[in-house]
Every structure is written in C-alpha cells, then in structure tokens.
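Trainee: I am new to this structure. Please take me closely through one part, the metal site.

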Amino acid sequence: PVAWGYEGDIGPCNWHKYFPKAGGKRQSPIDIDTSATQYDGSFKPLRIHYDSHMCSSLTNNGHTFCMSVNSDQCNLSGGPLEDKYRLLQFHCHWGSDDTKGSEHTVDGHQYAAELHLVHWNTDKFKSADEAIEKNQGIAVLTAFIKAGKEHRGWNHVLSHFKDIKKVQGTSTVNEDFNPKCLLPENQTDYWTYEGSLTTPPCHESVRFIIFKEVVEVSSEQLAQFRSLCVCSSRKRDTGEDEHLVDNFRPIQPLNGRVVKASFQ
Ligand SMILES: C[C@H](CNC(=O)c1ccc(S(N)(=O)=O)cc1)Cn1ccc2ccccc21
Ligand SMILES: [Zn+2]
C-alpha cells in the first residue's frame, strides 16, 4: 500500500497523485458557512440506538486511534438518512495544541478535536468493505471537541491508550461502555452534507451529520490524544518519539454543495 501522511511529500496536497478520488468534486472536510446553510424541515428525528455490551478493540493505526465495534445492535437511522446504518468504528482527529485539530470548521473556526462515529449502510450493502466505496455507503456522526471540563466518558477510552502508544498496538475493550456518551446532549440540531472519507483513498461515499453542540474534554484529556506515537519506535535524530498530532485534513472546496441544517 502507498504511504500517506499529514506533512511533507506524502501530505494532503499530494494525496491525489496516488489516490485520484482525493481530487474529486465532493471531498471532505469543508468549512460550514452558517449564513449559507439551508434549513430542511423534512428531516425525521435521528435514531441512535447503541448497546453497551459490545466487545471492541482499540488500535493505533498510525493515523489515529480506532475503536472497532462489532455489535449488530449499534444502529443509526432517521434524520437525513433513507436507510439503516450500523456502527463500524469511531476515531478522532486532533492537533498539536488546543487551537487546532478539527477537520470541519464553522465560520472559519477550528476546534481542538473532532469525533467521527463511522457507520455503514446495511440496507443497501452486504459488507462495510463494499459500502466504504459506494455512494450512500457511509454515515459519519461528528462532534466537535473543545478544551474545558473533564469528560468522564472519554476516560473509558483514554484508560486504554497506554496499551496502544505504539503503532499497530491493539487493546481489547470489554467494559460496559456505550459510545453514545461521547455525543453532545443536543442531538436534534445538526448540519449535514454529502462528502468523502477524509483520509486516502477519500472515497466519495460519506454523508456527514455534524452536531452543533460542542463537547468539552479537559486539556489533560486532549494531551492524552497527543501521547500516541505515529511511528513504531523509530526515534527522531533528537532521540524522542514522534507523536501523532495534526492528523486533520485541510478543508476542501464546496463545489456548489449545499449544507442542510436540521434547525432554523
Ligand atoms: C478505506 C478503508 C479505510 N478507511 C476507513 O475506513 C475510513 C473511515 C472513516 C474515515 S473519516 N475520517 O472520513 O471518518 C476515513 C477513513 C480501507 N478499505 C476498506 C475497504 C476498501 C476498499 C477499497 C479501498 C480501501 C478500503
Ligand atoms: Zn475521521
């Protein structure tokens, strides 16, 4: 597989050379210009049904941490979605300090981090690997994260980070954890638009649902995101680990797409 990253020759400006879809017309992330969003009164309530008795595994894939979920009881439907989607994994994007890290921006404002809960369309496709590259195949519930008060739910995930500090590290998470606790309280106000995977191969298969309410975690918890290492144990010439930070893609052209709002 072709190596890609977030800086230098393998960075986002060159992804299109090996991953042609990265140069497509409906790429993500984007800036949400709230003065240009269109209210859509036809959306039904979002239905987010997750159970917490699901065995999951947490991995450092060298680009982010990924909590894989293998429960067929974690489903998403309603809102702008025509079909039923199943939770596959969740992960985050963050920066090297609290002033940057989210992928989407709102009126040009970038948050400290962004949570992606990735679901695949079980009505239209037989597997996640098929859905990942097809239109309407993927739905990503998205929450912005800012530095503030401690988030106790996040500690259930962060407590496993010491096992995945190095790339390809994996840890099994078998506790009574429901990822719904990572979402904001207000789940009726969101923006939604059709985009792409924000990492190569950047398939244009994603409907983003982005909550307006921002989730708070403490600065110490944000620092734990940054404790992950991007390389195996390759030391930089200065001898210290290379940390996994600034794993957010720059915003992409809207190309005439309209961002819908579930609220006025
Ligand atoms: C893409 C897939 C690996 N990438 C993702 O699953 C993924 C999910 C969500 C996002 S985000 N940040 O937009 O939420 C980004 C990437 C590998 N893979 C699996 C099947 C498959 C088929 C062809 C090519 C690659 C394939
Ligand atoms: Zn993501």
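Mentor: Here is the metal site, with a short look at ring contacts afterwards.

This is a predicted model, where local features need pLDDT of at least 70, side-chain atom pairs count only at pLDDT 80 or more, and totals for chains, interfaces and linings use all residues. Residues are numbered from 1 along each chain as written, chains are lettered from A and ligands numbered from 1 in written order, and side-chain values use heavy atoms, without hydrogens and water.

Start with the zinc ion (ligand 2). His 91 (NE2), His 93 (NE2) and His 116 (ND1) coordinate it at 2.0 Å. Donors are N, O and S atoms within 2.8 Å of the metal (3.2 Å for Na, K and Ca); water is not among the atoms, so sites may look incomplete. The site of the zinc ion (ligand 2) has 4 donor atoms, with angles of 100 to 116 degrees, and is tetrahedral (four donors, all angles between 85 and 135 degrees).

Along the chain, the donor spacing reads H-x1-H-x22-H. His 91 sits in strand E7 (residues 85-94) and His 116 in strand E9 (residues 113-121), so the pair links distant parts of the chain, 25 residues apart. Strands are DSSP runs (E, at least two residues), numbered from the N terminus.

His 91 counts as buried because its relative accessibility is 10%. His 116 is buried too, at 2%. Buried means under 20% relative accessible area (1.4 Å probe, protein chains only).

Now the rings. Phe 65, Trp 94, Trp 154, Phe 161 and Phe 225 are linked into a cluster by ring pairs. Rings of Phe, Tyr and Trp (its six-membered ring) pair if their centres lie within 6.5 Å.

Notes: Four donors count as tetrahedral if all angles lie between 85 and 135 degrees; four count as square planar and six as octahedral if opposite donors are over 155 degrees apart and all others between 65 and 115; anything else is irregular. Helices (H or I, at least four residues) and strands (E, at least two) are DSSP runs, numbered from the N terminus. Buried means under 20% relative accessible area, exposed over 50%, partly exposed in between (1.4 Å probe, protein chains only). Rings of Phe, Tyr and Trp (its six-membered ring) pair if their centres lie within 6.5 Å; planes under 30 degrees apart count as stacked, over 60 as edge-to-face and the rest as tilted.
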